[in-house]
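Thanks, everyone. I'll take a few minutes on the aromatic contacts in this one. Here it is.

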Amino acid sequence: MQEFINQLPKLAKDKHNENKKFFAKLKKKTPKKLDHMMQELHDDEFERTDCLECANCCKTTGPLFTVKDVERIAKFFRLKPWQFEEKYLRTDEDGDLVLQQTPCTFLGVDNYCSIYEVRPKACREYPHTDRKKFHQISNLTMKNIEICPAAYRIVEKMKEKLL
């Protein structure tokens, strides 16, 4: 698995132009059952993929934290939201709340998340391959296939089905 993870940035780069054209075409003419197909591809992939073997998303990127995320996680730690923000978060150049560092502070050496029950919405939904109106998040998907082996395989299977 680690070898594939290490190859992902190059694989994604090699497919970048192909994927960009594919997603542009998808936006212009979206198949009627795309959401249904994406849900099936997502479910099939995650029957085979164990995120605990990888955790590359947690090791290389950080989620955006919503106000609700901050309130929920702060409560979990018995902190005030501002205390949680001060201790763990920073505001990025886009004005979003993000982790102060990567890998994620809450990721254990065993790839388990210490706040899994209350993790941010962005983490719960990652890699967003089962999201409704999937064709609208092509930029995000292009980034995610560089990081997530499952997202890469889902997009490749999606192209097979639609090309």
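Start with the charge over a ring: Arg119 sits over the face of Tyr116, 3.7 Å from the ring centre. Keep in mind that this is a predicted model.

Now ring against ring. How many aromatic pairs does the count come to? The count is 11 aromatic pairs. One of them is Phe22 with Phe23, an edge-to-face pair with the centres 5.6 Å apart and 65 degrees between the planes. Both partners are buried: Phe22 has a relative accessible area of 7%, and for Phe23 the value is 2%.

The other pair I want to show is Tyr88 with Phe106. Here the ring centres are 4.9 Å apart. Why is this pair tilted? The planes stand at 50 degrees, and tilted covers what is neither under 30 degrees, which would be stacked, nor over 60, which would be edge-to-face.

As for where these two sit, Tyr88 belongs to helix α5, residues 81–88. Phe106 is in the loop between β3, residues 97–99, and α6, residues 121–125. The pair therefore ties together parts that are 18 residues apart in sequence.

Buried or exposed, then, for Tyr88? Tyr88 is buried, at 12% relative accessible area. Phe106 also counts as buried, with 4% relative accessibility.

Last item, the cluster. Tyr88 and Phe106 belong to one aromatic cluster, together with Phe65, Phe76, Phe77 and Phe84.

That's what I have on the rings.

How values were computed. Residues are numbered from 1 along each chain as its sequence is written. This is a predicted model: local features need pLDDT of at least 70, side-chain atom pairs count only at pLDDT 80 or more; totals for chains, interfaces and linings use all residues. Side-chain values use heavy atoms; hydrogens and water are left out. Rings of Phe, Tyr and Trp (its six-membered ring) pair if their centres lie within 6.5 Å; planes under 30 degrees apart count as stacked, over 60 as edge-to-face and the rest as tilted. Buried means under 20% relative accessible area, exposed over 50%, partly exposed in between (1.4 Å probe, protein chains only). Helices (H or I, at least four residues) and strands (E, at least two) are DSSP runs, numbered from the N terminus. A charge sits over a ring if NZ of Lys or CZ of Arg is within 6 Å of the ring centre and within 35 degrees of the ring normal.
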